[in-house]
Amino acid sequence: MPARTGTAHVVTTTRKYKDQVYHTHLLRRSYRKDGVVKNETLGNLSHLPDALIDLIRRSLQGESFVPLGQAFEVVRSRAHGPAQAVALTLQRLGLASVIASKPCRERELVLAMVASRIVAPHTKLATTRWWHTTTLAEDFGVVDASEDDLYAAMDWLLARQGTIQKKLGRRHLSEGGLVLYDLSSSYFEGSTCPLAKLGYSRDGRHGMLQVNYGLLTDARGCPVAVSVHEGNVADSQTLLPQVQRLREDFGIEQLVMVGDRGMISNQAIDEMHETPGVGWITALKSASIRALVEQGQLQLDLFDERNLLELSSPDYPGERLVACRNPELAKLRTHKREELLAATEANLEKIKARVDAGKLAGRDEIGLRVGRVINQYKVAKHFALAIGENTFTFARKSEGITAEAALDGIYIIRTSVSAAQMDAPQCVRNYKSLANVERAFRSLKTIDLKVRPIHHRTADRVRARILLCMLAYYVEWHMREAWRELMFADTDQQAKITRDPVAPAKRSKAALAKAARHTLDDGTPAHSFSTLLDELATLVRNTCRTPKAGPDAPTFEVLTTPNAKQQRALDLLQQIRL
């Protein structure tokens with residue numbers, strides 16, 4: 001037997017037998033005898049795991065292996081996935097060039113604030129603390145930014161609002177196309193801002209100061225412009241300035257404004273009638289619908305065989321009226337009215353019991369108590385009251401209730417757009433597209449971006465904050481569209497074009513199945529926008545160095561490898577097209 005002085009190594013042989021491939025791993029030693037190189041098999045390693053065989057092979061080739069804890073240590077970990085997703089979307093949208101054509105410090109700060117608003121909305125001070133726990137600050141180049149820097153960048157952004165919105169308008173609005181507009185409000189924490197006024201609260205915060213803001217979007221609900229108003233400004237007063245902006249600033253001569261019945265007032269309609277190229281779509285208020293029925297211009301029995309009909313009226317010259325009846329909506333309103341009537345009766349019955357028991361007397365005192373509850377649920381018109389010094393009775397006005405119930409589920413779309421340009425079903429669909437603006441307000445105010453409550457003291461800072469939130473929603477809107485297949489959202493958007501415009505909206509079978517089982521077709525969880533960001537947050541950037549090295553020792557970074565769902569989310573963002 002020759003002396004075993006040769007180098008050991010691993011040899012792998014492969015053979016095929018009956019369509020099966022077999023691998024054999026042998027530990028061998030090479031040596032020289034009588035001038036000839038020979039091999040000696042020291043052992044068969046085939047029964048060992050592949051990973052261990054590879055480790056033996058590499059070790060015999062000269063590599064050194066140490067325990068993982070001795071190789072390097074992680075000195076810092078920061079969430080990277082959400083910042084990466086938003087940065088990728090900003091790049092696909094070219095938002096940097098929209099905000100400013102040339103790079104500058106203010107532009108970097110604004111982009112970082114937009115990204116922060118999507119990932120984790122905070123106050124400016126909290127933002128400068130939070131974004132250092134992620135890779136956002138270093139990736140956007142704002143590591144050294146202070147709270148004052150952010151406020152200065154907001155002032156810079158507000159000065160560029162007109163230019164930014166013109167660029168977005170050119171992208172998403174077209175000549176002769178639809179423009180959606182609606183107004184909402186948010187409450188204030190404080191009392192020094194001149195915009196803060198008492199007004200109709202859409203937040204349910206009655207008695208609190210608020211600010212109003214209007215949102216312009218395209219037909220899909222993609223935002224292009226926002227305007228800020230004092231909290232007591234009526235909806236209709238804000239509309240015509242938006243029409244003027246579209247024509248003069250955005251250069252759109254032909255357009256169709258879509259607004260709800262409180263937004264497009266008769267005065268606004270009169271002025272738009274005198275403006276060439278401006279059409280509009282809105283709806284009639286319930287009193288106007290009742291007048292058409294009482295005058296015999298709308299016959300309710302026509303809805304026995306159809307749910308949509310077109311009519312004209314001398315009260316609305318040069319306009320088209322599209323009457324619709326939704327039976328499901330009628331049932332809902334009937335049920336709701338009965339609940340409100342019953343609740344009001346219960347309150348009145350308590351007062352009557354006190355009067356009958358002698359615990360409440362005097363016409364004025366009884367009337368005061370009744371006044372507190374009679375219109376709590378907005379149904380006072382449906383009750384007849386009789387108040388005496390020691391008596392109180394009430395009864396429902398059956399005729400009025402029956403007359404109102406006859407109009408349940410009926411609504412009428414009012415438009416100046418000709419039938420050649422837009423048929424009746426399309427008028428209804430376009431009016432209902434206002435739901436896209438309402439969805440934007442929900443996201444802005446509560447779900448994701450959280451524009452409220454507002455703490456700023458100056459009007460310009462409030463305007464800058466709301467503009468910043470609008471830009472964040474612009475980015476989020478595109479992310480949501482790109483991620484439809486991963487979320488609970490319906491991917492069958494084409495069905496909206498052909499479905500019955502009056503019947504209740506229905507999701508596709510695929511969307512209903514996804515919502516029912518809470519999973520996608522591949523069995524993985526379906527997400528909301530926020531939980532998908534949370535899923536991406538497990539992608540981290542680790543800063544590593546040699547163990548026990550000094551503070552000046554060189555470091556290197558290691559990124560988490562995305563799983564299949566995370567990689568799909570990033571790939572979908574890469575597909576965003578303008």
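This is a short dialogue about a sheet and a cavity in a predicted model.

Visitor: In what order do the strands of the open sheet lie, and what is the pairing?

Guide: A sheet is read strand by strand, from one edge to the other. Here eight strands form an open sheet in the order 7-6-5-8-9-14-11-10, and their pairing is mixed. Strand 7 (223-230) and strand 10 (308-311) stand at the edges with a single partner strand each, so one side of each has no neighbour in the sheet. From one strand to the next, the twist averages 20°.

Visitor: In which sense do strand 5 and strand 6 pair, and over how many bridges?

Guide: Strand 5, residues 178-187, and strand 6, residues 210-217, pair in the antiparallel sense over eight bridges. To follow one of these pairings by eye, start from Ser-184, whose bridge partner in strand 6 is Tyr-213.

Visitor: Which strands does helix 18 lie across?

Guide: Helix 18, made of residues 459-482, lies across strand 6 and strand 7, and it runs at about 155° to strand 7.

Visitor: How many cavities of 30 Å³ or more does a search of the whole structure find, and which residues line the largest cavity?

Guide: The search finds one cavity of 30 Å³ or more, and about 60 Å³ of space lies in the largest cavity. Its lining includes Met-113, Arg-117, His-122, Lys-124 and Leu-468, and the lining residues divide into four nonpolar, three polar and two charged. Helix 5 (105-119) and helix 6 (124-130) each supply at least two residues of this lining, with helix 5 giving the most, three residues.

Note on methods
Residues numbered from 1 in each chain as written. Predicted model: local features only at pLDDT ≥ 70, side-chain atom pairs only at ≥ 80, totals over all residues. Heavy atoms only, no water. 1 Å grid on protein atoms, 1.4 Å probe; cavity = no way out; pocket = protein on both sides within 12 Å on 5 of 7 lines; lining within 4 Å. Points joined across faces, edges and corners; volume = space filled by probe spheres on them. Helix = DSSP H or I, 4+ residues; strand = E, 2+ residues; numbered from the N terminus. Nonpolar A, V, L, I, M, F, W, Y, C, P; charged D, E, K, R; others polar. Pairing = 2+ DSSP bridges. Axes fitted to C-alpha atoms, helices over the stretch in contact; angles between N-to-C directions. Contact = heavy atoms within 4.5 Å.
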